[in-house]
Structure formats: C-alpha cells, structure tokens
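Let's take a walk through this structure together. Start with the pocket, then follow the charged side chains.

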Amino acid sequence: MPFGFSVYPKSIEEYFQDIGAVLEDNETLVFLDTNILAYLYKLQGAARKELYAWAESLIKAGRLKIPAWVLCEYLAKLKEQRLGDYTARSKEPDEITKKLNNLLALASSFVDEYVLKGISYPSGREKFLDNFRKAILDLSIYTRAFKTEFDADEIHQEIASKLSPAVLRSEISSLCVRAAHEGDLRNSHRIPPGYKDEGKTDNKYGDMIIWFEILDFSSKHSEKFRRTVFLTNDNKPDWVYAPGKRIEPKAAAPVANKEPTIKLPDPRLVAEYSAKVGHNNLHIITLPVFIEAMSKIRPTDVQNLASAIQIELERSAAKDERTE
C-alpha cells in the first residue's frame with residue numbers, strides 16, 4: 001500500500017500465518033543481517049541447530065543470501081579478535097549486584113518500623129535487612145552464568161561451515177562508491193534506510209549498502225523470486241514502522257497495535273523496492289517474528305529456538321481475551 005497503514009487490516013495471528021507462508025514459499029528470497037549472525041553466539045546449541053537446519057534447506061534451494069557487507073561487518077570483529085563481544089558474557093550482573101548492595105546500605109540508614117508498616121512487611125527492621133542481604137546472595141547463584149567463558153571459536157566454525165555458501169559476491173568497492181555518492185543526499189532528505197546512522201563516524205552507510213545489495217540481487221532474480229524477506233533484529237524507524245491499530249476478529253472496532261506490535265517495512269522502502277524489482281512483496285522481520293511465523297507452519301522445528309528467546313508457540317485463549 002503506497003500510503004502505508006494507520007490500521008493494519010489483519011489480526012496478529014493472520015500476520016504470523018502470512019509471514020510463515022511467505023517464508024515457506026519457493027519464490028521467496030531471504031536475506032540475513034549481521035545482528036542475526038551475532039545472535040547465534042547467544043543461542044544454546046539445540047537452538048542453533050534448528051536455525052542451521054532451516055538455513056541449509058534454503059541454501060540448497062538458492063533462497064538464503066547473506067549480503068557481502070554483512071560479511072564485512074562480521075569479519076571486522078574476527079580481525080580484531082572480538083567475536084567474544086557477541087556472546088552472552090556480561091559485566092551487567094556484577095553492576096546490578098553492586099547497585100543492590102548500595103541500596104542495602106541505604107536501606108540500613110533509613111528503614112524503620114514506620115517504613116516497614118507502610119510496605120506491609122511482616123517482620124522487624126533486622127529481619128528485613130537480613131532477608132535483603134540473603135536475597136542479594138541468592139541472586140548471585142544465577143548471575144554467575146553470565147561469567148561463562150563461551151567458545152566463540154567453535155560457533156564461528158559452525159557459522160563458516162553452514163552459512164558460507166549463502167554469502168553474495170557483490171562488488172564491495174562499487175557499493176561503497178555508490179553509498180559515498182548518494183549517502184549524504186539520501187540522509188539529508190531522510191530517505192531510508194540508514195538516515196538514523198548519519199551521526200556515526202564509523203560504518204554510517206552500512207545499512208544503505210546492505211539495502212543496495214538486497215535491491216540489486218532481488219532485481220536480477222525477480223523472475224524466479226517474487227518475494228523478499230530481510231531477517232534482522234534492527235527495529236529502527238528508518239527500516240520499519242508500526243501502524244497505530246490493527247483488526248482483531250472478536251473486537252468490534254480496531255484495537256491498539258501492541259503486545260505484540262506488528263511492524264511493517266517503511267512505505268518508502270517498499271516504493272523503492274517496487275520501482276527497482278517490479279513487485280512490492282517486501283517483508284522486514286525480526287527473529288522473534290520469524291519464530292512465531294514458523295511455528296504456524298512447522299512448530300516442532302523451532303521448539304528450542306522459541307524456548308531460547310522465550311516465545312510461546314501457542315497463545316492461550318485466556319490471554320487473547322485479556323489482550324482484547
């Protein structure tokens with residue numbers, strides 16, 4: 001729709017079913033973003049195997065592609081020996097523990113019977129402080145998991161062996177020249193994608209170059225592939241937008257588009273894609289949307305993926321009623 005949607009004319013379930021059907025269609029090209037490769041380092045082994053199995057089936061059909069610029073961004077981490085940055089190892093739990101200890105110290109100075117009565121705490125001041133201290137210690141049992149030394153090299157080898165055949169052989173130098181020539185003009189007029197990155201000093205044209213690769217490859221193969229999906233965890237407004245409302249079957253009127261929110265490609269991207277490729281079947285989805293959509297088609301194939309990112313494959317009727 002050239003003007004985009006203020007009210008999306010389908011329900012959330014219909015949206016997921018549509019995306020699932022598109023992903024399964026033999027006339028659909030799927031492109032992966034750098035952040036999808038990065039997310040593989042955060043997934044447990046069984047979940048990675050499910051994603052690799054799906055990817056390999058599309059690679060055999062010539063339907064899965066990784067833009068050359070995505071590989072460039074990934075290789076920058078490899079060259080700097082910073083693949084570990086992608087893993088779940090984090091100092092944040094230590095910072096949280098430090099903040100909790102600071103709150104405990106603060107609580108010891110002001111908490112009294114009056115405060116405890118106000119929060120309906122059943123015991124006295126000393127018991128409150130002891131339990132607070134114990135809760136912090138108990139939490140450390142769980143936060144230790146984030147100190148794990150992940151084997152980033154092993155995951156890199158998996159990615160290289162499973163996904164190398166999908167990498168496009170684009171002329172990076174030509175794409176860089178094009179981005180340098182058009183980039184500032186596009187950004188100054190807020191033409192997506194990438195204008196949100198114009199303030200960056202490094203890789204500010206990265207999104208634009210990936211977009212050029214998607215356009216060029218989709219255009220060259222438009223007779224064979226009539227649909228394009230870009231799988232990315234980038235939700236910036238220079239890629240997607242969210243209609244304010246959507247239709248739900250049991251609702252008398254359109255409902256707020258949230259919990260979860262349906263996001264669609266920016267209409268300007270669809271227009272540019274249509275002009276270049278010859279059709280407007282463009283979809284930009286995140287990994288959670290991918291898993292929800294695949295669960296409508298082949299739920300047993302994404303069970304571990306869904307568990308890894310905490311997505312329910314089936315929403316209960318009670319939850320649907322509460323949302324409505």
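Helix 1 (12-24), strand 8 (264-265), helix 11 (267-277) and strand 9 (282-285) each give at least two residues to the lining of the largest pocket. Helices (H or I, at least four residues) and strands (E, at least two) are DSSP runs, counted from the N terminus. Among the 22 lining residues, F5, Y8, L264, L282 and H283 sit nearest the pocket's centre. A pocket here is an open set of points on a 1 Å grid over the protein atoms alone, where a 1.4 Å probe fits, with protein on both sides within 12 Å along at least five of seven lines; lining residues have an atom within 4 Å of a point.

Keep in mind that this is a predicted model: local features need pLDDT of at least 70, side-chain atom pairs count only at pLDDT 80 or more, and totals for chains, interfaces and linings use all residues. Residues are numbered from 1 along each chain as its sequence is written, and side-chain values use heavy atoms, leaving out hydrogens and water.

Now for the salt bridges (a side-chain nitrogen of Lys or Arg within 4 Å of a carboxyl oxygen of Asp or Glu). In helix 9 (residues 172-188), E182 and R178 are four residues apart, about one turn of the helix, and their side chains form one such bridge at 3.1 Å, N to O. R178 also pairs with D216, with the closest N and O atoms 3.9 Å apart. Because R178 is in helix 9 and D216 in helix 10 (residues 206-220), this pair ties together parts 38 residues apart in sequence. D216 forms a salt bridge with K276 too, at 3.6 Å between the closest N and O atoms. K276 belongs to helix 11, so this link ties together parts 60 residues apart in sequence.
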